[in-house]
Amino acid sequence: MDRSSPVPLYFQLSQQLETAIERGKLAPGSLLGNEIELAGRLGLSRPTVRQAIQALVDKGLLVRRRGIGTQVVHSQVKRPLELSSLYDDLEAAGQRPATRVLRYDTVEATAEVGAALGVAEGAEVRLVERLRLTHGEPMAYMRNHLPLELLGAEGTALESTGLYRMLRGQGITLHSARQSVGARAAAADEGELLGEPEGAPLLTMERTTYDDTGRPVEHGSHLYRASRYAFEFQLLVRP
């Protein structure tokens, strides 16, 4: 702790604990010990430790359990806004991604999907619906539409790999994407899928991805649990 810093000690401690959780040094299920023990070990006051812990409880990273103590629940996934897949980002962060394929079907393109993929409304496209999990907990609900010729009739491989990885394996070079990020409240069925109550905040992402020839190869509409997930931006000052 830097006692000469203008940053409050409780915030310094909460940041250090959050970093340890994100890097896996404090794994889900780990116990922090009680506030008195932590305060004595770190040379801080008990109110300072309590405030630091409460900040992480409010973020959903820690939980206080009666008779057990303060326990690590999970780390929040912070995903940079770049052309990468959630599966690859989770795997790189040591989050042990898993996928449940909810639907893999041939459907008629809506006007929106047709415009995104450059096909006529009503044309046949592939629909893939998946639930992405980490540490056995739901993280995101994903709907993707693709040109029919890009994926085969079976979607079981998507339970053990990411969509972008599968496309690259077929020789497709992903080049760029148009993406928008937003937020809204969860509908009842969405909350049930994601383990959140109806009305809970969800992050939304709409993305259309193009290959190196400019051909659209997928259009995705994804929902993320705001309690478990965040997008990170890097902003540069324009000269």
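**View 1. Glu 35, a buried acid in a salt bridge.** Glu 35 has 13% relative accessibility in this predicted model. That value is under 20%, so Glu 35 counts as buried. Its side chain meets that of Arg 46 in a salt bridge, at 3.4 Å from N to O. The pair links distant parts of the chain. Glu 35 belongs to helix H2, residues 35–42. Arg 46 belongs to helix H3, residues 46–58. Eleven residues separate the two partners. Arg 46 is partly exposed, with a relative accessible area of 40%.

**View 2. Arg 103 and Asp 105, a salt bridge between partly exposed partners.** The two side chains meet at 3.4 Å, N to O. Arg 103 has a relative accessible area of 34% and is partly exposed. Asp 105 has 31% relative accessibility and also counts as partly exposed. The whole structure holds eight salt bridges.

**View 3. Arg 225 and Glu 137, a salt bridge between strands.** The side chains of Arg 225 and Glu 137 meet at 3.2 Å, N to O. This pair links distant parts of the chain, 88 residues apart. Arg 225 lies in strand S9, residues 216–225. Glu 137 lies in strand S6, residues 137–147. Arg 225 is buried, with a relative accessible area of 7%. Glu 137 is partly exposed, with a relative accessible area of 24%.

**View 4. Glu 35, Arg 46 and Arg 50, one salt-bridge network.** Salt bridges that share partners join these three residues. Within the network, the bridge between Glu 35 and Arg 46 spans 3.4 Å, N to O.

**View 5. Strand S9 beside strand S6.** S6 and S9 run antiparallel and are joined by six bridges. Arg 143 stands opposite Ser 221 in S9. S9 is mostly covered. Nine of its ten residues are buried. Arg 225 in S9 is buried, at 7% relative accessible area.

**View 6. Strand S9 beside strand S8, with the hairpin turn.** S8, residues 201–211, pairs with S9 in the antiparallel sense. Nine bridges hold this pairing. Glu 206 stands opposite Ser 221 in S9. Ser 221 also has Arg 143 opposite. S8 and S9 form a hairpin, with four residues between them. Gly 214 sits in the turn and has a positive phi of about 90°.

Notes: Residues are numbered from 1 along each chain as its sequence is written. This is a predicted model: local features need pLDDT of at least 70, side-chain atom pairs count only at pLDDT 80 or more; totals for chains, interfaces and linings use all residues. Side-chain values use heavy atoms; hydrogens and water are left out. A salt bridge is a side-chain nitrogen of Lys or Arg within 4 Å of a carboxyl oxygen of Asp or Glu. Helices (H or I, at least four residues) and strands (E, at least two) are DSSP runs, numbered from the N terminus. Buried means under 20% relative accessible area, exposed over 50%, partly exposed in between (1.4 Å probe, protein chains only). Two strands pair if DSSP finds at least two bridges between them.
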